[in-house]
Every structure is written in C-alpha cells, then in structure tokens.
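User: Hi! Could you walk me through this one, starting with the basics?

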Amino acid sequence: MAGGRPRTFDSDTALDRALEVFWRQGYEGTGISDLTKAMGINNAPSLYNAFGNKEQLFSKVLDRYADGPARYIREAFDQPTARAAVEALLHGAADATTDPDHPRGCITVQGALACSPGAETVRDELVARRAAGETALRERLQRADGEGELPAGTDADGLARYFATIYQGIAVQAAGGASREQLHQIVDTAMTVWPQRAGA
C-alpha cells in the first residue's frame with residue numbers, strides 16, 4: 001500500500017505516558033528525548049508528526065488529564081448542592097493527588113514550576129485552566145446564593161476564592177508528601193467555614 005509506514009504505537013497509550021512524564025518532571029524539566037523514550041516513539045520527527053511540537057503535545061496531555069485523572073472535577077459539579085459539589089471537589093482532589101498509580105500533586109501546578117521566559121505560552125495556558133476552574137466554582141456558588149442555598153449576605157466570590165486556594169493547596173501539600181488522610185482532614189476542616197443558614 002502506498003504512503004508512510006503505519007504508526008507502531010497507540011496514540012492514547014502514548015499520551016498517557018507523556019502525561020506521566022510531564023506530571024513528574026514539569027513542562028520545563030521534560031526533554032523531547034524523555035518523551036520519545038517514554039512514548040515508544042523512535043525519534044523527534046515521528047513525535048512531531050504524530051502530536052505536533054512539545055507545546056502542542058503538552059496541551060493534548062492537559063486535555064487527557066482533564067478526561068482521566070481529573071475527571072472527578074466534572075463529576076463534582078454534577079452534585080445537587082453547592083456544598084456537596086465543593087466537598088466532592090476537595091475530597092476528589094485529596095484522592096487524585098495522592099493516587100499511588102500517578103505522580104503526586106496536580107499537573108497544572110507541577111507543570112508550571114520553574115517555567116522559563118520561553119515557556120510563557122505554556123504557563124499562560126496552565127494559569128488559564130486554573131482560572132477557569134475557579135470561575136466555575138464561583139459561578140456554582142453564585143447560583144447557590146441566588147437559589148437561597150447560602151445565607152443572605154454571603155460573599156460567594158470570597159468563598160470561591162477561599163475554596164480554590166484550598167483546592168490548589170491540596171495539590172501542593174500532596175506533592176510535598178502529605179498523606180491522603182491528612183488531606184481529607186484538611187478538607188473537613190476547610191468545610192467548617194461553610195456559611196450556615198439561621199436555624200439550620
């Protein structure tokens with residue numbers, strides 16, 4: 001048959017392997033040779049043909065992360081109440097960032113560490129993805145406020161910032177070696193600030 005040789009690797013498996021490398025080493029700390037070796041690709045041109053340059057591959061890996069290890073985020077926002085959504089989000093983060101099958105922490109935090117000026121586009125994408133998460137959280141809490149789930153006068157924006165900070169802190173603590181149990185305790189403590197309605 002005419003045309004190039006068939007690919008000798010599975011794209012999904014290759015992306016999963018790239019995800020592990022970027023997650024463990026960060027964007028800046030990952031070289032093309034690290035990626036080709038981990039992904040089972042012979043050389044850099046083959047990698048570029050299949051996935052684009054390093055930056056494009058990293059973007060695909062972030063999408064893969066959102067659909068895989070971080071799918072708990074979408075599932076949390078499906079909870080019927082804002083409190084249940086926040087609890088599911090934070091407890092999900094405690095589990096995901098300490099999963100023994102993956103590197104510790106969160107790729108959107110780990111991936112941005114020590115980015116050089118040449119990696120500004122990548123850093124900006126990671127910042128944008130984290131900001132989108134905080135926006136989704138703020139919108140969910142604003143909706144809860146409008147629906148009467150939160151007491152009158154609750155600062156929904158401030159509450160969203162607080163829980164977004166706890167959420168990101170979980171990833172940092174996990175990367176630093178905090179245990180799953182310790183992180184779940186942190187979540188339980190954080191949830192004590194949830195505003196109570198009078199008489200509740």
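Analyst: Sure! Helices (H or I, at least four residues) and strands (E, at least two) are DSSP runs, numbered from the N terminus. This is a predicted model, where local features need pLDDT of at least 70 and side-chain atom pairs count only at pLDDT 80 or more, while totals for chains, interfaces and linings use all residues. Residues are numbered from 1 along each chain as its sequence is written, and side-chain values use heavy atoms, with hydrogens and water left out.

User: Ok, how many helices and strands does the protein have?

Analyst: There are ten helices and zero strands. Reading from the N terminus, the elements go α-α-α-α-α-α-α-α-α-α.

User: And what percentage of the 200 residues is buried?

Analyst: Buried residues make up 39% of the 200. Buried means under 20% relative accessible area, exposed means over 50%, and partly exposed is in between (1.4 Å probe, protein chains only).

User: Can you show me some? Where is Ala 144, and is Ala 144 buried or exposed?

Analyst: Ala 144 lies in helix α8, and with a relative accessible area of 0%, Ala 144 is buried. In sequence Ala 144 and Ala 82 are 62 residues apart, yet their C-alpha atoms are 6.0 Å apart in space. Another example is Ile 41, in the loop between α2 (32-39) and α3 (44-51). Ile 41 counts as buried because its relative accessibility is 6%. The C-alpha atoms of Ile 41 and Ala 14 are separated by 8.3 Å, with their places 27 residues apart along the chain.

User: What about Gln 168, where is that found?

Analyst: Gln 168 is found in helix α9, and at a relative accessible area of 29%, Gln 168 is partly exposed. The C-alpha atoms of Gln 168 and Ala 93 are separated by 8.9 Å, although the two are 75 residues apart along the chain.

User: New topic: pockets. How much space lies in the largest pocket?

Analyst: About 480 Å³. A pocket here is an open set of points on a 1 Å grid over the protein atoms alone, where a 1.4 Å probe fits, with protein on both sides within 12 Å along at least five of seven lines; lining residues have an atom within 4 Å of a point. Grid points are joined across faces, edges and corners, and the volume is the space filled by probe spheres set on the points.

User: Which residues are the closest to its centre?

Analyst: The largest pocket is lined by 24 residues, and the closest to its centre are Ile 73, Thr 108, Arg 129, Gly 133 and Tyr 167. Helix α8 gives the largest share of the lining, six residues. The lining divides into 16 nonpolar, four polar and four charged residues. For that split, Ala, Val, Leu, Ile, Met, Phe, Trp, Tyr, Cys and Pro count as nonpolar, Asp, Glu, Lys and Arg as charged, and the others, Gly among them, as polar.

User: Cool. How many salt bridges are in the whole structure?

Analyst: A search finds nine, where a salt bridge is a side-chain nitrogen of Lys or Arg within 4 Å of a carboxyl oxygen of Asp or Glu. One of them joins Glu 20 and Arg 24, with the closest N and O atoms 3.6 Å apart. Both lie in helix α1 (residues 11-25), four residues apart, about one turn of the helix. Arg 24 is exposed, at 56% relative accessible area.

User: What about Asp 95 and Arg 180, how do their side chains meet?

Analyst: In a salt bridge, 3.6 Å from N to O. Asp 95 is in helix α6 and Arg 180 in helix α10, so the pair ties together parts that are 85 residues apart in sequence. Asp 95 is partly exposed at 32% relative accessibility, and Arg 180 is partly exposed at 29%. Elsewhere, salt bridges that share partners join Asp 12, Asp 16 and Arg 64 into one network.

User: Last one: how many aromatic pairs are there?

Analyst: Six. Rings of Phe, Tyr and Trp (its six-membered ring) pair if their centres lie within 6.5 Å; planes under 30 degrees apart count as stacked, over 60 as edge-to-face and the rest as tilted. Phe 163 and Trp 194 have ring centres 5.8 Å apart and planes at 40°, so the pair is tilted. Both Phe 163 and Trp 194 are buried. Ring pairs also link Phe 22, Tyr 27 and Phe 58 into a cluster.
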